[in-house]
Amino acid sequence: MASAADEAWESFIGDIRPRLKELVDVEPLLDHVHFIGQEERELIRQKAKAEGNRPAADLLIDAVIRRPHPVGWFRAFVDALVSSGFDYAADIIQAELPEPEVEAENEQCVRLIQILSPSLVQMKTDEVSVHCLAEGLITKEDSEIIKAETTSRGPRSGARELLRGIVRGRPGWFPKFLHVLRETEHQSLYELTGGSPDCDKEGLFAGASPENEQLPESPEPSQSDGTVPEAAARGPESNDIHLRDYQMDVARPALEGKNIIICLPTGSGKTRVAVYITKEHLDGRRAEGQSGKVVVLVNKIPLVEQHFSAEFQPFLKPTYKVERVSGDCQLKISFTEILKKNDVVICTAQILENHLERSNTGEDEGVKLSDLSLIIIDECHHTQKGEVYNHIMMRYLKQKHKNEKMKKEQKEPVPIPQILGLTASPGVGGANNMKKAVEHILRICANLDASKIMTSSLGDCKKSPNKMTLSVEDRMEDPFGDVIKKIMNAIHAHANLSTNCDLGSQRYEQWIVVTEREAAAKEDHKVRVCAEYLRRYSEALNLSNIIRMCDALEMLNEYYEKEIHTKMNPDDVQAIQITDTERFLFNLFKENKEELQTLAGNPKYENDSLSKLRGKILHEFSSREEARGIIFTKTRFSAIALSNWIQGNPKFADIGVKAAYVIGGGDQSVVKPMTSAEQRDVLKNFHNGDVNVLIATTVAEEGLDIAACNFVIRYGLVTNEISMIQAEGRGRAEDSTYTLVDVKNSGVAEKEWVNEHRKKMMNKAIEKIRALNQADYEKQIVEFQFQAITEKRVIMAKKKQKKMTSESPSDVKFTCRGCSQHVCNGDDIQVIESMHRVNVTEEFRELYIERENPSPQERPLDLETKGLMACKKCGKGWGVMMVYHGIECPCLNVQNFLVTLNGKAIPNCTKWSKLAVRFSAFDYAEQARQMASSSDEDDTN
């Protein structure tokens, strides 16, 4: 029977097993672990050669803690670690741990080396190895292994072995390694890695303000004694921020350090108030001798640049350092480092959430809430279930309630930041009575831990636009639509489909989506393909009620050309399969195309909505000295089509109409998305007058700073009361108008009436909340917070349970959605950066062809999109070709495959997150080794 001490050591080694696997190298350690039998040590060596160090380390640890134990086994294991040169592992196993901040910083340094390894392996391995041995960064045995690896596989492979040895050392190795890089004249690598031998002397989040770091941009640097010049503390006089009375009223509680929500209409200067509060916050902390750290969170990438360029940078620089970070940011340093070096960082919320999670899991460099002193949340009405804002605030609320418990226990609480929320409309969340509307807004207040929701009557500062609705009449004749319906009925007959839904209706679209999914699951190729084509014809039918018939026909034509293109092999090596059903569908469109073209060219059959829109635009430009307006529409395609329609109409050109469109940047549509740069260019042209009519999807409703307009038109588009309020707010000029143009079968007039009712209910609900006694308000807020935290715990418990029961990758099978051929198993899938699923096996490479990408997306510097890949047999698109740090990686889009788990089809598997499977992480070193080996073979041939 094991002693109590043995049981304690067993348990402790089990707890630190993941860290031990990172810190030891099995091969040299086995030579010193004499209490394990020779036969078992040989098995572990074979495991290391076959599967790598980590699996072998697992086996070794199992052998160490297996009972019965020989006398003195634990001390012998510690001695073996020391003898093998794994001093840090020996420290940890004896519970001789460094201070938490030192340990955290060491992990950051390890992660940095891992990230930079593709560049660091270019070092002069032999020379650096000699210096590292002299500095005590590696052992003599390490040096011999590195030398052998360099001789047999080349200097890069030796460099990887060297880096693995260095990062296993005790904390403090990083500055020594930097010194070695500098001594061996690796200046570029030295600078890339940080270039500061004092890295271990400062905390990661040392203040970025002048107390700790001189600002090169500032005309008045910090004094030598560390104090801040009085002028710098006040800020430049030319950049003083002047608020209106109503703005100062809503800002006052935040200036006192309280958490609040500021609810002001679009165009009333919420962001300017936030800049003022930021400056006062930083000034106040500086006066108290503390550094401030402000993060401004937005929910759309274009808002990052807008807030940076138009508001925070102009008013805060040079007194404070301001930077922006977003998904398309090209900065080469990490978010953590950017946060360290700046006072104010503007970023998309997901970036902060990612780094908070990394800090929580310890997997990567991260950020803690305690590193921040103020968080500003733009469009804060999104702080609800499932939204990224809410994930961040749940972390905050948990820490807040932990702090209250710590105070009762007379422990030091963890610092948490002040919270400032900004919104034009919290909405009512679909409430149909006042009680539920009040509850909805109180929940948002609770999620943001707001002590108050601040709003104001703007008086003469804000005028509401004149509102009107333009009704439309049905066409007397619709021969264009009749031909499309004839084609759809022919497809129904071919696929043996029947429905009682009206063609083109919302019910019909829902039916056809379900039909397509069911057919895919059954591998019924005929029905699945027909359903895909029916969706396009249904969309064209609806588009012909919104835009010109010729535009609807163009959409169909583009779709057919694209589908025919998928059947063309760029290499002409092997013919791509065309089924009888596909041939039928191609011919059906070809047979009816000429008739559709003829009808589309006859203005007699155009829809009445376009006529009403034409008349409204002409009226606005003929009745005003300088007209400037926005037209909101539902889809990207309709936005582009309306822009082309206006640009091609000479009547519009005669009265000075200059149109352009702005659409979203996501890749969820068949229409090519806009890049952030393209969006900025269009908005810039709208600001300076080169464009005076902007046709936009809902991307322009929230947040984007669009120049003052004197007319807003919602063209067949109504969503909820928040969107309506946002759109109304775009009409900022005097005598502005807000017009709703009806579209056949849209029901927008009725929906707008409902939104007006909800808007009034929302305003009354806010008044009710503001009238509450503060004690009653706070009581309800605390109740909602505990409810939210409890719900979050339940969700996390379910997720944890799901992970525990997650299936093996080998149980997952992928088949082509186009032709049902087997593509790969889950064992073949690897994950890059916890996001991109790739298959780099040789077998997979034989199954696809590569094509040019007509709409490449902006990606981070280390992820370059090369092109598209498609099934070699049927031409169905499978995903994109990515280049990750020089390695070509086919990246799979799961919605292009039929997925089965344990032989059972997973319906509607459109996201990887729907698969309860943990795929293996991408092994960059192994792929690089295989590439190098292949390259060496090519050189010898």
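A polar contact is a pair of N or O atoms within 3.5 Å. In the predicted model described here, such a contact occurs at Asn896, where a polar atom of the side chain lies 3.4 Å from the backbone oxygen of Trp878. Asn896 is found in the loop that joins strand 21 (887-892) to strand 22 (897-901). The residue counts as buried because its relative accessibility is 14%, and the limit for a buried residue is under 20%. When residues up to four places away in sequence are not counted, Asn896 touches Cys816, Arg817, Lys876, Gly877, Trp878 and Gly879. One of these, Gly879, is 17 residues from Asn896 along the chain, and the C-alpha atoms of the two are separated by 7.7 Å.

The overall organisation of the chain was examined next. The protein chain contains 35 helices and 24 strands. Of its 941 residues, 50% count as buried. Among contacts with a separation of 6 or more, 70% are made by residues 24 or more positions apart.

A second loop residue, Thr383, was considered in its surroundings. Thr383 is located between strand 5 (374-377) and helix 20 (388-408). With a relative accessible area of 0%, Thr383 is buried. The side chain of Thr383 reaches the backbone oxygen of Cys380 at a distance of 2.8 Å. Beyond its neighbours within four places in sequence, Thr383 is in contact with Ile377, Tyr389, Asn390, Met393, Ile444, Asn447 and Leu448.

The charged side chains form 40 salt bridges in the structure. One of them joins Glu516 and Arg817, with a distance of 3.5 Å from N to O. This pair links distant parts of the chain, since Glu516 belongs to helix 23 (residues 506-521), whereas Arg817 lies in the loop between strand 14 (812-816) and strand 15 (822-825), 301 residues apart. Both partners are buried: Glu516 has a relative accessible area of 8%, and Arg817 has a relative accessibility of 14%. Arg817 is also among the residues touched by Asn896. Helix 23 further includes Gln506, which is exposed, with a relative accessible area of 61%. Gln506 and Ser538 are 32 residues apart in sequence, and their C-alpha atoms are 9.4 Å apart in space.

Other salt bridges connect residues of a single helix. An α-helix has 3.6 residues a turn, so residues three or four places apart point the same way. In helix 24 (residues 525-543), Arg536 and Glu539 are 3 residues apart, about one turn of the helix. Their closest N and O atoms are 3.7 Å apart, forming a salt bridge. Glu539 is partly exposed, with a relative accessibility of 25%. In helix 27 (residues 608-623), Lys616 and Glu620 are 4 residues apart, again about one turn of the helix. The side chains of Lys616 and Glu620 meet in a salt bridge at 2.8 Å, N to O, and both residues are buried. Salt bridges can also be joined together, as in the network that links Arg17, Lys21, Asp58 and Asp62.

Helix 8 (residues 100-120) was analysed for its length and its bend. At 1.5 Å a residue, its 21 residues should span 30 Å; the end C-alpha atoms are 28 Å apart, which agrees with that expectation. Helix 8 nevertheless has a kink of about 35° at Gln114, shortly before the proline Pro118. The buried residues of helix 8 include the charged residues Glu103 and Glu105, as well as Cys109, Val110, Ile113, Leu116, Pro118 and Leu120.

Finally, the cysteines were examined. The structure holds 0 disulfides. Cys891 illustrates this result: the nearest cysteine sulfur, that of Cys889, is 8.5 Å away. Because two cysteine sulfur atoms must be within 2.5 Å to count as a disulfide, Cys891 is in no disulfide. Cys891 is buried, with a relative accessibility of 10%, whereas Cys550 is partly exposed at 32%.

Notes:
Residues are numbered from 1 along each chain as its sequence is written. This is a predicted model: local features need pLDDT of at least 70, side-chain atom pairs count only at pLDDT 80 or more; totals for chains, interfaces and linings use all residues. Side-chain values use heavy atoms; hydrogens and water are left out. Buried means under 20% relative accessible area, exposed over 50%, partly exposed in between (1.4 Å probe, protein chains only). A salt bridge is a side-chain nitrogen of Lys or Arg within 4 Å of a carboxyl oxygen of Asp or Glu. Helices (H or I, at least four residues) and strands (E, at least two) are DSSP runs, numbered from the N terminus. The expected span of a helix is 1.5 Å times one less than its number of residues. The bend at a residue is the angle between axes fitted to the seven residues ending there and the seven starting there. Contact means heavy atoms within 4.5 Å. A polar contact is a pair of N or O atoms within 3.5 Å; within protein, one must be able to donate a hydrogen and the other to accept it, and residues adjacent in sequence count only if both atoms are side-chain atoms.
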